[in-house]
Amino acid sequence: MEYANDIVVIGAGFAGLVAARNLGQRGYRVVVLEARDRVGGRTWFRELPDSGRKVELGGAWFDPSDQPQIREEAGRYDIDIAPATDYQSHRSFIGGAVREGAPDGFDAAMAEIARAARSLAAATPDDIRRHDVSIADWLSRLDISPTLRGYLYAQTSAMAGAAPDEHPMLAILQLVARRGDADSFALDDRRVFAAGTTSLAEAIAADVPGEIRLKTPVSAIRQSADGVVAETPAGLVTASLGILAVPINVMADIAFDPPLEPERRTALAEGNACKVAKIWILASGVPDRMTALGWDTPFCSLAAEGGSGGTQAVVGFALEGRIDANDANALEQALRVYAPEARVLSTTWHDWATDPWSRGGWMTEPPGWATSGVLDLLAQPHGRVLMAGADVATEFPGWIAGAIASGRAAAIEAERVLMAASVTT
């Protein structure tokens, strides 16, 4: 059969865009199908009303010193990287009281976490499995106060976008081990794109030689021994090979013929655990560049990103079901837990959890996935369909850097498969 394309890439987040660019620039016929009306996937740089500034509704922060993919792609397109906000103070709300700084015992707990992270290098499989349990289970082994436990719950929940019983300590320990110290627990040395994530996504998209079709969701993927067919509302798209670069929580909505393995379908039904709401608030009465962590209150994490005229652009993270992000009064009351004089002036957010093209935030696997082989399975090709994206990345999973790395790897593998096929024919 003659196929219209060499590769069909499904998804125009960073992984799909990088894979399409690299393959297209190698001379392959590439088409990209994207369900949204824009590129960038779970990143989105948009206006915060009445603030005169844009904010990141999705992924934003990174560490270019640890993530070379970011440096390389930004350098390729002359995209400026800027320091994230230099925060000036920290508050916590645990056990019904606000305090300055972290609770007593925090440094000792961080030392214990750092020791566990360092031990991963020489850990046995059984040792690793003992870490691949929920945050709640892992912290129950430590002799710490309820106040400190709540503080650590808030910190880890903000990082993972999921409750303490929904995500594994192993992922936290791996992050600390990679970064080399427990300070990385709080990701203090963050960077951002000066003109937003959109600037890089659009630059890569403009560099894709093939066609990018927006507002073209894929409902089914059929494949034979030598090609794939993607079904869209606008018709069928055929190619010799497919690259599926969509969030895993969306894969379950796609019909596969032949079907995915039962183990993979079971994993997709459980899915990415991150369902946090990232909410931006333009507010007055908030201390300049304040950060905060809290438990038993709607916002587990807050950060005032600076402003002018007595206002701050505040970003808050609330676990699923903790607050109605469209209720300005509820947001103001939640903000006043940390800043009693706060007044909400405007808000913006995007509900990634109910968005049909994401169904969740950044990748946060459930406990046990890493050591049971589920993560490895999700990254495996399904016949002539290769998997890509931050959710299945083997390096920096859940990060923009992971999406870029995954897209690069998918392009290399796609070319290998196509070249092998050309030799045999």
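Start with strand β4 (53-56) of this predicted model, because the lining of the second largest pocket, by the definition of lining residues as those with an atom within 4 Å of a point, takes its largest share, four residues, from β4. With that strand selected, add β5 (81-83), β8 (191-193) and β14, which together with β4 are the elements that give two or more residues to this lining. The space in the second largest pocket comes to about 270 Å³. Of the 17 residues that line the pocket, Arg-53, Lys-54, Glu-56, Val-192 and Glu-305 lie nearest its centre, and they make a convenient selection on which to centre the view. Colouring the lining by class gives 11 nonpolar, one polar and five charged residues.

From β14, whose residues are 277-284, step back along the chain into the loop that joins it to α10 (262-270), and select Asn-272, which lies in that loop. Is Asn-272 buried or exposed? Asn-272 has a relative accessible area of 2%, and is therefore buried. Show its side chain next, and look for two polar contacts with backbone atoms: the side chain reaches the backbone nitrogen of Thr-364 at 2.8 Å, and the backbone oxygen of Gly-361 at 3.0 Å. Widening the selection to the residues in contact with Asn-272, and leaving aside its neighbours within four places in sequence, brings in Gly-360, Gly-361, Trp-362, Met-363 and Thr-364, along with Arg-42, Ile-248 and Asn-249.

Turn now to the enclosed spaces, of which the structure holds two with a volume of 30 Å³ or more. The second largest cavity contains about 30 Å³ of space, and to see what surrounds it one can select Val-8, Ile-10, Ile-221, Val-228, Ala-230, Gly-242 and Val-385, the residues that line it. Two elements, β1 (5-10) and β11 (228-232), are those that give two or more residues to this lining. By class, the lining of this cavity is made up of six nonpolar residues and one polar residue, with no charged residues.

Finish with helix α1, residues 14-24, which is mostly covered, since 10 of its 11 residues are buried. Selecting Phe-14, Ala-15, Gly-16, Leu-17, Val-18, Ala-19, Ala-20 and Arg-21, and then Leu-23 and Gly-24, displays the buried residues of this helix.

Terms used
Residues are numbered from 1 along each chain as its sequence is written. This is a predicted model: local features need pLDDT of at least 70, side-chain atom pairs count only at pLDDT 80 or more; totals for chains, interfaces and linings use all residues. Side-chain values use heavy atoms; hydrogens and water are left out. On a 1 Å grid over the protein atoms alone, a cavity is a set of points where a 1.4 Å probe fits but cannot get out, and a pocket is an open set with protein on both sides within 12 Å along at least five of seven lines; lining residues have an atom within 4 Å of a point. Grid points are joined across faces, edges and corners, and a volume is the space filled by probe spheres set on the points. Ala, Val, Leu, Ile, Met, Phe, Trp, Tyr, Cys and Pro count as nonpolar, Asp, Glu, Lys and Arg as charged, and the others, Gly among them, as polar. Buried means under 20% relative accessible area, exposed over 50%, partly exposed in between (1.4 Å probe, protein chains only). A polar contact is a pair of N or O atoms within 3.5 Å; within protein, one must be able to donate a hydrogen and the other to accept it, and residues adjacent in sequence count only if both atoms are side-chain atoms. Contact means heavy atoms within 4.5 Å.
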